[in-house]
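Here's a quick tour of one protein chain, with a few spots picked out for a closer look. Have the structure open as you read.

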Amino acid sequence: MDGRVVLPIIESITMGRKKGKRIFISKVLLVLVLVLVFVGGHWVYEKYNAIYQPNVNLDGKQSQYFFIPTGTSYDQLLALLYESEYVVNTESFKWVALQKNLPKNVHPGRYLVSDQMSNNALVNLLRSGNQVPVKVLIQPIRTKASFAQSIAHQIEADSSTILKSFNEIDDSEYPRWPELIIPNTYELYWNTSATEFMKRMQKEYNRFWNTERQGKAKSMGFSQKQVAVLASIVDQETYIAKEKPIIAGVYVNRIKRGMRLEADPTLIFAMGDFTIKRVLDIHKKIDSPYNTYRHTGLPPGPICMPTISALDGVLNYASHDYIFFCAKEDFSGRHNFAVTNKEHILNARRYHKALNARKIYK
């Protein structure tokens, strides 16, 4: 065969083989690319879901508070979340948490978690420290221990630590702590410490005793403590705000005249028996500086935590001539006021008769 014919045939076969090989390689590469695209797309899809898809289930509730105690580590935080069963897929949450450096950004507090939150939203919330304040209600409470327990039920600090903070500022013979707390509703962070709580109460006390109120106390010849002492008595005499300035005026009149206050609530405080509903003559014999039937002037300290309405009732006491008052016989909580002892005796007899009718003897 002519060499000139064979050579082109061989070259054609070789080129065909090379072209086939290139096509094969191209197909393999295309398959690999498609596989990578598929795998990558699937990975991206999974991670997108891990980040943005809902992963919080609150069993039908729209929102729920989640508490992180002070000193909580990342592992402890995870344990709290798992214990709460808020997070549906824990592994996806941990992956997002690690990507967003949550382990180094755990902040204590009270957080509002919403149903159907994504991992991204939940992690952002917890790492931000953007907690929801607690509305701490401070009500007039008689004993320091009960007050400490009441506050401990609303913030993280325990009652013993709060009580210790009180004892540090209330080391006198007669309790001062009721004078230093202004009952109200305050916004505080749940993880507020006992020390921080006391600082806040001091700030609120200073805010209450502004220049105007200090001036009113001074014009009465009263110290801030004396206003608090009298207000505590007024608070125990009535819960009706409109009567507080009137009753305060009665006691101011008695003080000005050098008369004993003869306030029944001070006897109950001295007895330490707050179940007493009817003060008897035997109660008036108790040997106590709080017995205002035996001692002239104000007792040495408040008998309860005075309310704002009572404090302002004293500072804005009503000007009148009454020096007596007695609870009304209809048990409405209101009082009959009198200028003379004769009027007062008649009012008292009606009230005592009503007590007897209800069989209230002590």
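How many disulfides does the count come to? The answer is 0 disulfides. Keep in mind that this is a predicted model. As for individual cysteines, Cys304 is buried, at a relative accessible area of 2%, and Cys326 is buried too, with 9%.

Now for the overall picture. The protein has 362 residues, and 38% of them count as buried. Its secondary structure adds up to 14 helices and 6 strands. If you take the contacts with a separation of 6 or more, 65% of them are between residues 24 or more positions apart.

Let's start with a helix pair. Helix H2 (residues 74-84) and helix H3 (residues 90-99) have axes that come within 12 Å and cross at roughly 150°. The crossing of H2 and H3 is right-handed. On the H2 side, the residues involved are Tyr74, Leu78, Leu81 and Tyr82, and they meet Thr90, Phe93, Lys94, Ala97 and Leu98 of H3. Sorted by character, the residues of this contact come to 7 nonpolar, 1 polar and 1 charged.

Next stop is Thr292, in the loop between helix H12 (264-271) and helix H13 (308-315). Is Thr292 buried or exposed? Thr292 counts as buried because its relative accessibility is 1%, and the cut-off for buried is under 20%. The Thr292 side chain has a couple of polar partners. It reaches the backbone nitrogen of Ala263 at 2.9 Å, and a polar contact of 2.7 Å links it to the side chain of Thr266. If you skip neighbours within four places in sequence, the contacts of Thr292 include Arg260, Leu261, Glu262, Gly297 and Pro299.

Glu262, one of those Thr292 contacts, deserves its own look. It sits in the loop between helix H11 (244-256) and H12, and is partly exposed, at 32% relative accessible area. Its phi is positive, about 50°, although Glu262 is not a glycine. Most residues other than glycine have a negative phi. Phe331 is another residue with a positive phi, near 60°. You'll find Phe331 in the loop between strand S5 (324-327) and strand S6 (335-338), and at 28% relative accessibility it counts as partly exposed.

Over in helix H12 is Pro265, which counts as buried at 7% relative accessibility. Not counting residues up to four places away in sequence, Pro265 touches Ile233, Gln236, Glu237 and Ile303. Ala217, for its part, lies in helix H9 (residues 211-220) and is buried, with a relative accessible area of 2%. Leaving out its neighbours within four places in sequence, Ala217 is in contact with Trp209, Phe222, Val227 and Leu315.

Both Pro265 and Ala217 can be paired with a residue further along the chain:

| Pair | Separation in sequence | C-alpha to C-alpha distance |
|---|---|---|
| Ala217 and Val314 | 97 residues | 8.8 Å |
| Pro265 and Tyr290 | 25 residues | 9.4 Å |

To go back to the cysteines: why does Cys326 count as buried? Because its relative accessible area is 9%, and buried means under 20%.

Terms used. Residues are numbered from 1 along each chain as its sequence is written. This is a predicted model: local features need pLDDT of at least 70, side-chain atom pairs count only at pLDDT 80 or more; totals for chains, interfaces and linings use all residues. Side-chain values use heavy atoms; hydrogens and water are left out. Helices (H or I, at least four residues) and strands (E, at least two) are DSSP runs, numbered from the N terminus. Buried means under 20% relative accessible area, exposed over 50%, partly exposed in between (1.4 Å probe, protein chains only). A polar contact is a pair of N or O atoms within 3.5 Å; within protein, one must be able to donate a hydrogen and the other to accept it, and residues adjacent in sequence count only if both atoms are side-chain atoms. Contact means heavy atoms within 4.5 Å. A disulfide is a pair of cysteine sulfur atoms within 2.5 Å. Axes are lines fitted to C-alpha atoms, for helices over the stretch in contact, and angles run from 0 to 180 degrees between N-to-C directions. A crossing is left-handed if the near helix is turned anticlockwise from the far one by less than a right angle, and right-handed if clockwise. Ala, Val, Leu, Ile, Met, Phe, Trp, Tyr, Cys and Pro count as nonpolar, Asp, Glu, Lys and Arg as charged, and the others, Gly among them, as polar.
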